[in-house]
Amino acid sequence: MSENNPTNPEGKEESLHDSIPVTGMYKDWFLDYASYVILERAVPAIEDGLKPVQRRILHAMKEMDDGRFNKVANIIGQSMQYHPHGDASIGDAMVNMGQKELLIETQGNWGDIRTGDSAAAARYIEARLSKFALEVVFNPQTTEWQLSYDGRKREPITLPVKFPLLLAQGVEGIAVGLSTKILPHNFCELIEGSIAILNGEKTNILPDFPTGGLADFSEYHEGLRGGRIKVRARIEEEDNKTLLIKDIPFGTTTNSLIDSIIKANDKGKIKIKKVVDNTAKDVEIQIQLAPGQSPDMTIDALYAFTDCEVSISPNACVIIEEKPVFISVNDILEYNTKQTRALLKRELEIRRAELMEKLLFSSLEKIFIENRIYRDIEECETWEAVIQTIDKGLDPFKPDFYREITTEDIVRLTEIKIKRISKFDTFKADELMRKLQDELKEVNYHLKHLTAYAIKYYENLLIKYGKGRERKTEIRAFDTIEATVVAANNAKLYVNRADGFVGYGLKKDEFVCDCSDLDDIIVFRRDGKCVVTKIQEKGFVGKDIIHVAVFRKGDERMVYNLIYLDGTSGKAMVKRFQVLAVTRDREYDLTKGTKGSKVLYMTANPNGEAEIITVYLTQGAKARIKVFDFDFSTIDIKGRSAGGNILTKYPVRKIQLKMEGVSTLGGLDIYYDASVGRLNTDQRGKLIGNFLGDDKIIVFYKSGDYELTSFELTNRYEDNQVLLIEKFDSQKVVSLVYYDGGSKNYYVKRFLIETSTMNKKFNVISDHKMSRLIVVSTEKQPQVKVNVSKGKEKEALEFDLDMLMDIKGWKAIGNKLTSHQVLDVKLIDQQKAEDNEEGEEDIEVGSTVSFKLKKDDEEQLGLF
């Protein structure tokens, strides 16, 4: 075998145990591969902030640029001339750049970083370079070039970017034994930071994420290894049962965020009913809370147990002089700023050289034509003689030129056409040279004042491209969670009675009640049909709806009083019934089911009320008594399928309510706990009153709004904004004092509550943004103590509000409280309680507003 082996010419025997050492080869190969991945794949260059694939895409797009959009598939094909790693990597990198909306102007479906939706196929989407990219990224004259991987093309080593592009876009890459993660920063703040650096000032830039949100940068450490950022979703309380996520943390999507919330709910970390993704133009994730859950506690739990709060570890690493270097973002900004200044200098120097060359040739041309040197070459027989003759004719003028006249310059003069010589205009030539000289003077001025020129360049970028690029991420400290308690409103149920639609999406139709997306709703129709269905955005349940409400399975307190016309006998039947359990989406007959049956009268009574009604028969009825009363309490409560009792066998003209029903259940003592802004029956907080049936609560807020609500324990109020909360009595007179922000005066007014709409706020003071409610009372003879300023003196005045103002409408402006400057206004009973407080003093802010602050707080608030 050895004789036939060309690798063993001497015919020596080979041993099966002979081995070739690979240690050295492995070491060399691994280092070569690692270096290649670091330098050519994963880590960006500090000069232009781009990875090679990004740089090649931009270069290819510049070559294709004609102002119109190009198919991304074509751009990928063009880029493959420079990038040897396939179309997939090019397409992904291009979509990533396009979604950042800085260098590439996109058209079509490019996906959504908020939802995680991917872009459409490359053949369906289009792109072109943005105006910003064309202005700051490209300049062939200042670009250093190299051959492409196959030697056929020329590509830039780095692009001459005159902007801190790396910090604006951010970058993330994983190489061999090395990774980089530079977070995106705010466009405007980067420009302002560069201007500060040029002015010799220090700067400290912080990331700004395209997804917005809240962020704590206390441990950012300028983006170096070991730093950390906490990013939170922006969560608002729509009402006491609904939270809205408006912004999501950077690096998450709406889908991943919802998955983490559901996972936390399954583990019992949080208690919610449902999560709905309503994201469209803006992010909106709706979270329906479970009954009795505190919104602010739920917000804390969302931050603690879900991706509503994420921790990001930056690791700024860039390529500098063919080596990976860990460097702070402030140092990167300083490097890019100095580089921009240097590039601007090179551009000015190139422009100066161009202007000087234009001036030189314009002068040569003028001399050549005005001095008729072209005539001297008519007798020349050789080309050399022509060149020598022209050169000799230029000799008297050569000392005036900034450089020597070369043969190439003389050749250009010989190429001037006779037509141009015959139409040469000395005035126009002088005017052109004057403009060139003015521009040259301006260029020289900028070179002498290069820093000012660079600052002006950045300012122009800010003016041209800064609009709409304001900071999206709010800078916050997360030492304590700030949660605002808002008014109680749940998802809302609407109905279109005539067309037969119900749902929470019919916002232009009749509002029914607050509800949850997990609720079932019960619907009664005029034809006597009843159906229970799952609530949805818009659902058809049958036309001519007479009643719709949230269905509570097994609710024995809910009793329906019904009168219907039997289609066969023509008799009016009366019944009281409950709907305790049903099959969803199945229609049930509340009548006998005969053709022509219809409902004449119906009420839903949450506490089993039994009202008294008046029945009017038709004039043609044979009955002797055509008008009579009926008390629902005289009949028993039965099942929904019961036929009922005969109310009358004669035709009914109309039925009217005569007297509201009385509940057989005892009332509830309701308390208000101001610390959490909730109602309870556990004797926590202030006793509001004993509630029964349709009793209501009235709440007055500092904003000047009031609202009527039910006494459900799930209600939550803006406890830090509530001035008065009590049981509503329509006969009680409301007395209040408010500050009018327009006139800067205090007014007093007294009125009766005339509205009856539940869960809707009504404003009783002026609508100026600085107006606010000061005191409010429903006592018969409320008194206030008013501290006023009379020149340099202060005086305390007491007023009986019932003596200052008559009862008027709730929309009335009211009477002016006093002509003196008011420092503060207090109810007398409140004033007595506050007189016992120690260590307080009145602090006047401005001319009209007064606060009570403890002395210990003064330094902290920085008022002194």
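Here is a short chat about helix packing and salt bridges in this predicted model.

Student: Why are helix 10 and helix 15 called roughly antiparallel?
Tutor: Helix 10 (residues 329–370) and helix 15 (residues 426–448) pack at an angle of about 160 degrees. Angles over 145 degrees count as roughly antiparallel, so that label fits this pair. Their axes are 9 Å apart, and helix 10 passes helix 15 in a left-handed crossing. The contact has 10 nonpolar, six polar and nine charged residues.

Student: What makes Arg 114 and Asp 112 a salt bridge?
Tutor: The cut-off is a side-chain nitrogen within 4 Å of a carboxyl oxygen. For Arg 114 and Asp 112 the N to O distance is 2.8 Å, so the pair qualifies under that rule.

Student: How do you know whether Arg 114 is buried or exposed?
Tutor: Buried means under 20% relative accessible area. Arg 114 has 16%, so it counts as buried. Asp 112, with 18%, is buried too.

Student: What about Arg 471 and Asp 208, which parts does that salt bridge tie together?
Tutor: Their side chains meet at 3.8 Å, N to O. Arg 471 is in the loop between helix 16 and strand 17, and Asp 208 in the loop between helix 7 and strand 8, so the pair ties together parts 263 residues apart in sequence.

Student: Why is Arg 471 called partly exposed?
Tutor: Partly exposed lies between the 20% and 50% cut-offs, and Arg 471 has a relative accessible area of 24%, so the label follows. Asp 208 has 8%, so it is buried.

Methods. Residues numbered from 1 in each chain as written. Predicted model: local features only at pLDDT ≥ 70, side-chain atom pairs only at ≥ 80, totals over all residues. Heavy atoms only, no water. Axes fitted to C-alpha atoms, helices over the stretch in contact; angles between N-to-C directions. Helix = DSSP H or I, 4+ residues; strand = E, 2+ residues; numbered from the N terminus. Parallel < 35°, antiparallel > 145°, perpendicular 65-115°, else oblique. Left-handed = near helix turned anticlockwise from the far one by under 90°. Nonpolar A, V, L, I, M, F, W, Y, C, P; charged D, E, K, R; others polar. Buried < 20%, exposed > 50% of the residue type's maximum accessible area, 1.4 Å probe, protein only.
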